[in-house]
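User: I'd like a close look at one helix and how it sits among its neighbours. Could you walk me through the contacts and then work outwards from there?

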Amino acid sequence: MNSTTTFPYQVPFIDHCRTIQNLSEYSIGMIISDVGNFWKYYSIKFPSNPNIKNVASSDVHDYLIQLDQKEHLSKKTINKYLSYLKKYFIFLAENHLIESYPLFTLKGISFKRRETIIINWMPYISNFLNTSIHPETIKLLIVISLGYDLNQLLNIRWLDVSDKLNDINLKKFLFDNLTFDKTPNPYIFQGKRIDKYTSIDRITSKTKMDQHLIDFPINPRKLRQSYILSIISNQTLSDEQLLDQLHISQKSLGYYKFCANYFNLIPYKK
């Protein structure tokens, strides 16, 4: 490879694209750019010996993944770039410039969504009772499952939730883990020396100790998000029903519906 080329066998490959495949100059330019960018990526990855004969399917796969995660290109664009790379490596293989075509395993490549979110965990809260999980974690799961927002957590009282709990075991758990000495209506998140917690961070400091025991994120913000997406993923509900149940604005509903389509939502399995 000389100083005027950006990847191995560039000159004969361009001639192949022009004379054999009859591609337009625009298409050839796009292919050269993509193959050149891949070779630059591969050369950085293997700076001591960037040999085209050693390129594996996993190398191309990793390149495509970084286009997704770092360049934020669309799936359509990334798959177009993959088609360019396939043309290049088919040319190399057919002309015996490499030992074999390395991209067979990349047929029909798809990309994981940027984040997986566990939804529909709400019916399974009682499974966490009688375990070593802290009471604050169970309390958080309960109140989030009842639809409370983060700015409401510190002000929720016993009488706010007692009639909303249909699960007798959860209701008994809450009752047993509250102190009624000073009031018949204590705060759900009550302190030992004060009536209630004054910061959500106090709740988070407790729940994070239980994260290894639960298969989905249990910090308050993530939990609230997964609850909302659980409800929105129910396709039988109209927008009006969603707004009424979630108590969010129309703008927020649009945002969360976008999230429901964008993220990889997986129902919780006990």
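Analyst: Start where α5 meets α8: E136, T137 and L140 on the α5 side are in contact with I203, K206 and T207 on the α8 side. Sorted by class, that contact is made of two nonpolar, two polar and two charged residues. Keep in mind that this is a predicted model. The spacing of the α5 residues fits a familiar pattern: an α-helix has 3.6 residues a turn, so residues three or four places apart point the same way.

As for the geometry, the two axes, α5 and α8, come within 8 Å and cross at roughly 115°. The crossing of α5 past α8 is left-handed.

Now the helix itself. α5 runs over residues 135-145, and it's mostly covered, with nine of its 11 residues buried. The buried stretch takes in E136, T137, I138, K139, L140, L141, I142, V143 and I144, so E136, T137 and L140, which touch α8, are on the buried list, given that buried means under 20% relative accessible area. Besides α8 (200-207), the buried residues of α5 pack against α7 and α9. Just past the helix comes G147, with a positive phi near 95°.

Following L141 inwards takes you to the largest nonpolar core, which has 49 residues; W121, L141 and F216 are the ones touching the most other members. In general, nonpolar side chains in soluble globular proteins tend to be buried together. Several elements feed this core with at least two residues each: β1 (116-119), α5, α6 (158-161), α7 (168-176), α9 (220-232), α10 (239-246) and α11 (250-262). W121 makes a good place to pause. Outside its neighbours within four places in sequence, W121 contacts L141, I144 and S145, along with F216, L223, S226, Y227 and Y268. L141, I144 and S145 fall within the α5 range of 135-145, which ties W121 back to the helix you asked about.

There's also a second, separate core, this one of 30 residues, with F13, I14, C17 and I52 among them. C17 sits in helix α1, residues 10-19, and has a relative accessible area of 1%, so it counts as buried. Leaving out its neighbours within four places in sequence, C17 is in contact with N22, L23 and I28. The C-alpha atoms of C17 and S27 are 9.1 Å apart, with the two positions 10 residues apart along the chain.

N22 is worth a second glance. It lies in the loop between α1 and α2 (25-45) and is exposed, at 62% relative accessible area. Its phi is near 55°, positive although N22 isn't a glycine. Most residues other than glycine have a negative phi. Y9 does something of the kind in the segment before α1, with a positive phi near 60°; Y9 is partly exposed, at 34%.

Finally, the rings. The structure holds 22 aromatic pairs. One of them joins Y88 and F89 edge-to-face, at 5.2 Å centre to centre and 70° between the planes. Both partners are buried: Y88 has a relative accessible area of 1% and F89 is at 0%. They belong to one aromatic cluster with F7, F13, F38, W39, Y41, Y42, Y63 and F91. F13 is also a member of the second core, so the cluster and that core share a residue, a core being built from buried residues of types that include Phe.

Technical notes. Residues numbered from 1 in each chain as written. Predicted model: local features only at pLDDT ≥ 70, side-chain atom pairs only at ≥ 80, totals over all residues. Heavy atoms only, no water. Core = buried A, V, L, I, M, F, W, Y, C linked by side-chain atoms within 4.5 Å. Buried < 20%, exposed > 50% of the residue type's maximum accessible area, 1.4 Å probe, protein only. Helix = DSSP H or I, 4+ residues; strand = E, 2+ residues; numbered from the N terminus. Contact = heavy atoms within 4.5 Å. Axes fitted to C-alpha atoms, helices over the stretch in contact; angles between N-to-C directions. Left-handed = near helix turned anticlockwise from the far one by under 90°. Nonpolar A, V, L, I, M, F, W, Y, C, P; charged D, E, K, R; others polar. Phe/Tyr/Trp six-rings, centres within 6.5 Å; stacked < 30°, edge-to-face > 60°.
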